[in-house]
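Work through the exercises below with the structure open. Try each task before reading its solution.

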Amino acid sequence: MNVAAPAERLPERPPKIGQLVQVRSRRWLVEDVVAAGPGESPQVELACADDDAQGQSLTVFWDYELDRRILEDEGWNDLAAKGFDSPRWFAAFYNTLRWNCSTATDPGLFQAPFRAGITIDAYQMEPLRKALRLPRVNLFIADDTGLGKTIEAGLIARELLLRRKAKVIVVAAPPSVLEQWKGELEERFGLIFEILDRAYVSRMRRERGFGVNPWRTHSRFLVSHNLLIDPTYADPMREWLGPLLPGGMLILDEAHHAAPSSGGRYGIETRFTRAVRDLSARFEHRLFLSATPHNGHSGERTVCSRCGTLAARAGKRGGPCRVRDLGGRAWR
């Protein structure tokens, strides 16, 4: 006969300043406790300790929180209980950390290739080299299908995270490849991304309240192209980004979908085109990926897949065309 485990008892006493508590499914550091009179709940000032909202403040009435818990096993009381290391030992530890960190001052030193579980070809290092030489990453990678655009994007994202140039990353891709992106970024680069969709928004509202902005609940997201034109998801994203989000990075897969529609003689802007133009300008870093970098209009501009030069495409749509760069050279 199975006996149900007894439910965890709620703490009867209020926490002390400096303790770590759990309230509303998140961890908080107690900054102040205001005592209350008989029959009243003490008021507790909290600061969030979770990575996605670190430092965010909250004031609660302790006795009214249904999931309140004092985290006794975090080990904060044991900090420095045995004294401090000697300056010589601490200097050795500090130098070890410093020598293993990448520097943001030398664009010729790479860390991402050595922290990824992949086999890298030489040509896949070229986008990373160009990205580190730019004050703000603004690249269009137009490699053919199967040449590893995902790996090149992952290398750039990982390197910017290591150098503290990027803090939040949003990958926009067709819905059919979101799971593939999530798996490859996690397995190859150790980057955990959340797929922001209706299920994720519903889960965040249940855990953190109906008024929560889902874009503020994590630092790395995967989102479908279709949701960028849906005000339900795009408007909270604009509120989160503001005019410009420092350290924000947008990776747009299949970027040719954002090109103006090529059904007639002239390109016609679509809702997705306008959405990408508005949202991409709010990110500090932008990385566009496409194996079809041109829609056939002679007035459009593209990137040469051989040299990476911004170029204009000539020739009729559907036939053999030439890519001519700004210097006048041409290739078949």
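The exercises cover a sheet, its helices and some aromatic contacts in this predicted model.

**Exercise 1. Lay out the sheet.**
Find the strand order of the open sheet of six strands, and state which strands are at the edges.

Solution.
- Step 1: Read across the sheet. The order is β6-β11-β10-β7-β9-β8.
- Step 2: Check the sense of pairing. The pairing is parallel.
- Step 3: Look at the ends. β6 (138-141) and β8 (194-195) are the edge strands, since each pairs on one side only.

**Exercise 2. Examine one strand pair.**
How many bridges join β7 and β9, and which residue stands opposite Ile-169?

Solution.
- Step 1: Locate the strands. β7 spans residues 168-173 and β9 spans residues 220-224.
- Step 2: Count the bridges. There are five, in the parallel sense.
- Step 3: Find the partner. Arg-220 in β9 stands opposite Ile-169.
- Step 4: Follow Arg-220 further. Arg-220 also lies over the face of Phe-193, at 6.0 Å from the ring centre.

**Exercise 3. Place the helices.**
Which strands do helices α4 and α6 touch or lie across, and at what angles do the helices run?

Solution.
- Step 1: Take α4 (residues 178-189). Helix α4 packs on the sheet and touches β7, β8, β9, β10 (245-252) and β11 (283-289).
- Step 2: Read its angle. The direction of α4 makes about 160° with that of β9.
- Step 3: Take α6 (residues 231-241). Helix α6 lies across β7, β10 and β11. The angle to β7 is about 150°.

**Exercise 4. Classify two ring pairs.**
A search of the whole structure finds six aromatic pairs. Decide whether the pairs Trp-215 with Trp-240 and Phe-221 with Trp-240 are stacked or edge-to-face.

Solution.
- Step 1: Take Trp-215 and Trp-240. The centres are 5.6 Å apart and the planes are at 15°. Planes under 30 degrees apart count as stacked, so this pair is stacked.
- Step 2: Place this pair in the chain. Trp-215 is in the loop between α5 (198-208) and β9, whereas Trp-240 is in helix α6, 25 residues apart.
- Step 3: Take Phe-221 and Trp-240. The centres are 6.3 Å apart and the planes are at 85°. Planes over 60 degrees apart count as edge-to-face, so this pair is edge-to-face.
- Step 4: Place the second pair. Phe-221 is in strand β9 and Trp-240 is in helix α6, 19 residues apart.
- Step 5: Check burial. Trp-215 and Trp-240 are both buried. Phe-221 is buried too.
- Step 6: Join the pairs. Ring pairs link Tyr-200, Trp-215, Phe-221 and Trp-240 into a cluster.

Terms used. Residues are numbered from 1 along each chain as its sequence is written. This is a predicted model: local features need pLDDT of at least 70, side-chain atom pairs count only at pLDDT 80 or more; totals for chains, interfaces and linings use all residues. Side-chain values use heavy atoms; hydrogens and water are left out. Two strands pair if DSSP finds at least two bridges between them. Helices (H or I, at least four residues) and strands (E, at least two) are DSSP runs, numbered from the N terminus. Contact means heavy atoms within 4.5 Å. Axes are lines fitted to C-alpha atoms, for helices over the stretch in contact, and angles run from 0 to 180 degrees between N-to-C directions. Rings of Phe, Tyr and Trp (its six-membered ring) pair if their centres lie within 6.5 Å; planes under 30 degrees apart count as stacked, over 60 as edge-to-face and the rest as tilted. Buried means under 20% relative accessible area, exposed over 50%, partly exposed in between (1.4 Å probe, protein chains only). A charge sits over a ring if NZ of Lys or CZ of Arg is within 6 Å of the ring centre and within 35 degrees of the ring normal.
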